[in-house]
Every structure is written in C-alpha cells, then in structure tokens.
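Me: I'm new to this structure and would like a close look at a single part of it. Could you pick a loop, start there, and then work outwards to what surrounds it?

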Amino acid sequence: VLTTPSLHPRVSTSSHERLLSHFLLAINKAGSPAWLPSSLTPASSRLYISASLIVAFFSLRLQTAEKETTRAMPAGGFSVSAPDGTHFEAKITPIVIVSCIMAATGGLMFGYDVGVSGGVTSMDPFLKKFFPAVYRRKTGQGLDTSNYCKYDNQGLQLFTSSLYLAGLTSTFFASYTTRRLGRRLTMLIAGGFFIIGVVLNAAAKDLAMLIAGRILLGCGVGFANQAVPLFLSEIAPTRIRGGLNILFQLNVTIGILFASLVNYGTAKIRGGWGWRLSLGLAGIPALMLTVGSFLVTDTPNSLIERGRLDEGKAVLRRIRGTDNVEPEFDEILQASLAAQRVKHPFRNLLRRRNRPQLVIAILMQIFQQFTGINAIMFYAPVLFNTLGFKSDASLYSAVITGAVNVLSTVVSIYSVDKVGRRALLLEAGVQMFVAQVVIAAVLGVKVTDSGNDLGRGWAVLVVVMVCTFVSSFAWSWGPLGWLIPSETFPLETRSAGQSVTVSVNLLFTFAIAQAFLSMLCHLKYGIFIFFSSWVLVMSAFVLFLLPETKNVPIEEMADRVWRQHWFWKRYMDDYEDEAYDLEKKGNKITDGAGINSHDGAN
C-alpha cells in the first residue's frame, strides 16, 4: 500500500503522508523484517525501506499534482461534481448479471401492482361487485355525472393506497431483517408476502378480503424496496453500478406495461371474471422473486457486516471474476467495522454528518411522488376514460404509456453512468414541466364538467404529452429517486437510511393514491398545474443542492462528494473530528506496542 500509492488512490494525500511518516518512525525502531534478504544488515534494510518510501512519497505528490491540474471546475458554482472514483479490479461476470436480473424482479412485482389497479378499477364487473356507487356514476345512473368526479370515492382510492400504507409500516421491520438476516433473505420474505397477497386478491369475495390481499402485497413491497436497491448497489462493480441499479426501475416499468397489457386482454373476457385473472397473474413476478432469492448469493457487504469474512471474500472473488479483491475487501471491512460501532443506526442518521444524505434521500422521495407520475400510472385508464376515451381506448392508451415508460428507462440505463445523474434530472425537469402545462391548457379549454369537446386530434395530443411526461420521468426521477439514496448512505446507516427512503416514498405514494381522484374532482385540469409547479421546485433543488455521484465508490462518498460540495461540506466537520481521534489512538498504539522486536511479524 505504502510503496505503491497508485494502487490506492482512495487514500487522501494527507492520510498517505501520515502513514509514510509513521512507518518511517517504526522502521527506525525495528530490526530487519523477515521478508528482506537475510544478507542485508539492519542498517542496510532500514536504508532500503526508507529509500523506497521516499520514492513512493514523491510519486504520490506527483500523482496528486496531476489530478489537481486536470480536475474540471464546477459549472455555475452551484454544485461541485465529485472527481472520478476508485475502480477496483472487476469483471462484469455472468453471476453479477444473473443476480441483478433475479433481484430486480422485486421491481417487476411492484410495477405490476402499480399498473394493475388502475385497469381493474375501470372494469365494470369489478366496480359493480365492490364499488356499486362508482359504477352508477360511471354509467350515468348517479346524480353526479361530472366528467372529473366519476371515480371520486374514498373506498376505491383505499383499494389502491392500502398497499402503500402497509408497505410504509413493514419497511421498518425490513430494515432489521436487511441488516441482521441479509439482503437475500429479506427478498425471500418479500416474495412470500407477495404470493399470499396475490391468492387473497384473486379469490376475493368481498371488499375486506380484497383490502387484506392488498395489505399483504404492501408488506412485500416494503421488504422488496428495502432490500433490492441495496443488493443491486452492493453487488455491481462501481463503473456500472448506476446501470445495474436501474434494473430495479426497469422492472417496475416492465411490470406496469405487463399489467396494462393484461388488463387490456382481460377486460374483453365475458362472464365478469377478467379482473380476477388480472390480479392473479401478479403471481408470476411473485414466484420469480421467490425462486430468484433461493438462487442468488448474498452481497459481500452483507456477509462481512454479519461477521462472515471468509465467505464474504469468496463471494467477492466470484462476483468480480478475479483473485485481486484485497483492496475492495479491505474497504468493505473497514466500513463494516465502523458500522458495527454504531449501536443505534436510526439515531445515528440524525447526526450532523449524516444530514446531507438524509435530507437528499427524503426530498428525492417526496419530489418523485410530486412529479405526479404515480397519479398517472395508478389511474391511467381511469384518467383517459375521464377525458372521454372509450373503455378499450383508455386501456390501449395506458399500454402505449407503459411501453414508452419501459423504453425510456432503457435510455437511463445507458446514459446514467455516462452523462451523470444531475444532467438527466435537469433535462427531465424542463420536459415534464412543458408536458404538464400543455395537458392543463388542453383540458382547461376542451373538457368541462358536463361536456367533452376533446375530439380525435386533441385526444392524440393529450396522449403524446402524457408519453412525453412519462418518458422524461422514466430516465430521471423514476430510477434516480431510488439509485441516489441507495449509493450515498455509508454502511453503518445504509439499512436505516434505505428504510427511511422507502418509508417516505410509500407515505407520499399513499397520500397521492388516496387523494388523486378527489383532487381531480375538485381541481379539474388545475391538478396538472399543481404538479408542474412542484417540478420547478425540484429542478431548483437539483441545480443548487444535489451533487454528482457518478463513478464514485459508495464508501468514498463522504470525502469525494459531501466534503467537496459548496453547501453540504459544512456538515462534514465531525468526520474530521473522528479522524483526529482515530489518529491519536493510532499514535498511542504505535508508541506503546513494543516495536523493538526484530521479529518479522512485528
């Protein structure tokens, strides 16, 4: 490490200088190490090692000077991008790809649950059985036949939102299992919840049974959303971490598309049982996640965190495709030792040094929901039906929207580790704002409470604008809302931080799902103005306060990201205090450890 600093660029210059000086002092007190030729006298061996270290020192200074002269200046002075991080030796092995694909099926289940509810709630047999009041309004038998208020029903919204309320509660238990039992077992628990929930939903006889099934599905969402992003971030090599992590969001979008296609087909089934098939087919991704959890290996970070060091190193060799894993293993081990000193991770989250990660994780989830995306994806068929599309046309439009969602997420996988997180978020902010303003303008002019003058041309424009909005979300706030929090928390607070991330996401998802149809009824076209205003707020947040995390190893975020940011660096003071304390402890050990022995192990 000391004589080849280029192998360890993650060690700061000042730290390397301290290590070199301490080692020189130790050499002056020690005899000839066992690994030097026995022909060298103690004086010669000291001279040999000292010369090597001095050469290493000047080599380090030269490398540091090169880095500092080539480092790019931050644009606009608002946010400092982190320099390129350490790339440990790693191949993109088949086991990594397969593990990530299997783990990301948790996103497939989540996406299917999001997409299926809107299609099912627009089917007449389903509404007639569970929500007769909504069915009467939809068919013109009710007193209130406003275009915007056909589906305004708290029970109907509870069917959708109960899943997210259950997920919010379960994520706190998932934080414990993720840390104590590992990422893989937590995904297995999620799969079990999904399967039981699917059975209850498909066989539902009354509203209580239907809601119970949704609650169990919500528990599965809480456990899956807790474990899967962590699993993907930790098992992927640094240089493709962003792309592999977005597999989770890609599977969410594929799940939504799959649900839309299923709804389009089952709506045509005669006999009134098509909705049961729609809900029951959620068992396919549930089984995939459960079986996949048996097949994948746990992450090295999780194994090392739980004290299984040899197994963790073996897994690291297997997933990296190389025997040279000592640098990465040492870094994970050091992070794990620091994590074990934290007895209360949730309390530790509130420490000043963890405030940047916590604030950004919370705001990313709030902003993700206030883009309005879930309002559209939950209720796409209902929304299109409200705008005057016939039943088949509304489901077909939802399929188109879902397909755009999938394709745009693929764009994100390709570009996130090339152009960076901030660029995607800022571009999407402009695109989402324009799309929502156009939709609001068209609806304000063409769709009233009692009349609908949308016409074919305007209807096509609305669908195009919805697709424009969905595409920009799918390569920005959709995947990055999960990626950025999962890669910024240090290991000692990662499970707790992910738990808070998922909880906040599910809390605001629940709020939007429970309130959207009522908001649509009261705000009418103004609901899109409401969401577009939030898009402006979140874009300003990205511009001023969100640092770039592209190509930065997870365990180096503090030094390479937060301590370099114009605003967040003020919260990193206690990192320096802790480093000073550790250095003092190290000096005591060096002075009192009895380095006088000539034994090589010393």
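Reply: Let's start with asparagine 551, which sits in the loop between α25 and α26. Its phi is positive, at about 65°, even though asparagine 551 is not a glycine. Is asparagine 551 buried or exposed? With a relative accessibility of 14%, asparagine 551 counts as buried, because the cut-off for that label is under 20%. Keep in mind as you look that this is a predicted model.

Now go on to the helix on the far side of that loop. Helix α26 covers residues 557–560, and arginine 560 lies in it. Arginine 560 also has a relative accessibility of 14%, so it counts as buried too. If you want a partner to find on screen, try glutamate 548: its C-alpha is 10.0 Å from that of arginine 560, and the two are 12 residues apart in sequence.

Next, go back the other way, to the loop between α24 and α25, where you'll find lysine 524. Here is another residue with a positive phi that is not a glycine: for lysine 524 the angle is about 55°. How accessible is lysine 524? Its relative accessible area is 24%, so lysine 524 is partly exposed.

That loop brings us to a pair of helices. Two packed helices are described by the angle between their axes and the distance between those axes. Here, α24 runs over residues 491–523 and α25 over residues 526–545; their axes come within 8 Å and cross at roughly 125°. That angle makes α24 oblique to α25. Which residues meet where these helices touch? From α24 come Ile512, Phe516, Met519, Leu520 and Leu523, and from α25 come Gly526, Ile527, Phe530 and Phe531. Sorted by class, this contact has eight nonpolar residues, one polar residue and no charged ones.

Two other spots are worth a visit while you have the model open. One is helix α22, residues 455–474. Its 20 residues reach 28 Å from the first C-alpha to the last, close to the 28 Å expected at 1.5 Å a residue. The buried residues of α22 include Ala459, Val462, Val463, Met465 and Val466, and further along Phe469, Val470 and Phe473. Ser471 and Ser472 are also among the buried ones.

The other is helix α15, residues 326–340, which holds glutamate 331. Glutamate 331 has a relative accessibility of 11%, so it counts as buried. Its C-alpha is 10.0 Å from that of asparagine 301, and those two residues are 30 apart along the chain.

Finally, step back to the whole chain. It has 27 helices and zero strands, and 56% of its 602 residues are buried. Take the contacts between residues at least 6 apart in sequence: 81% of them join residues at least 24 apart.

How confident is the predictor across the chain? The mean pLDDT is 76, and 75% of the residues reach 70 or more. Two stretches deserve caution. Over residues 24–41 pLDDT stays under 50, and the model has 28 contacts beyond four places in sequence for them. Over residues 50–85 pLDDT also stays under 50, with 55 such contacts in the model. Where pLDDT is low, the predicted coordinates should not be read in detail.

Definitions and conventions. Residues are numbered from 1 along each chain as its sequence is written. This is a predicted model: local features need pLDDT of at least 70, side-chain atom pairs count only at pLDDT 80 or more; totals for chains, interfaces and linings use all residues. Side-chain values use heavy atoms; hydrogens and water are left out. Axes are lines fitted to C-alpha atoms, for helices over the stretch in contact, and angles run from 0 to 180 degrees between N-to-C directions. Helices (H or I, at least four residues) and strands (E, at least two) are DSSP runs, numbered from the N terminus. Angles under 35 degrees count as roughly parallel, over 145 as roughly antiparallel, 65 to 115 as roughly perpendicular and the rest as oblique. Contact means heavy atoms within 4.5 Å. Ala, Val, Leu, Ile, Met, Phe, Trp, Tyr, Cys and Pro count as nonpolar, Asp, Glu, Lys and Arg as charged, and the others, Gly among them, as polar. The expected span of a helix is 1.5 Å times one less than its number of residues. Buried means under 20% relative accessible area, exposed over 50%, partly exposed in between (1.4 Å probe, protein chains only). pLDDT is the predictor's confidence in each residue, from 0 to 100.
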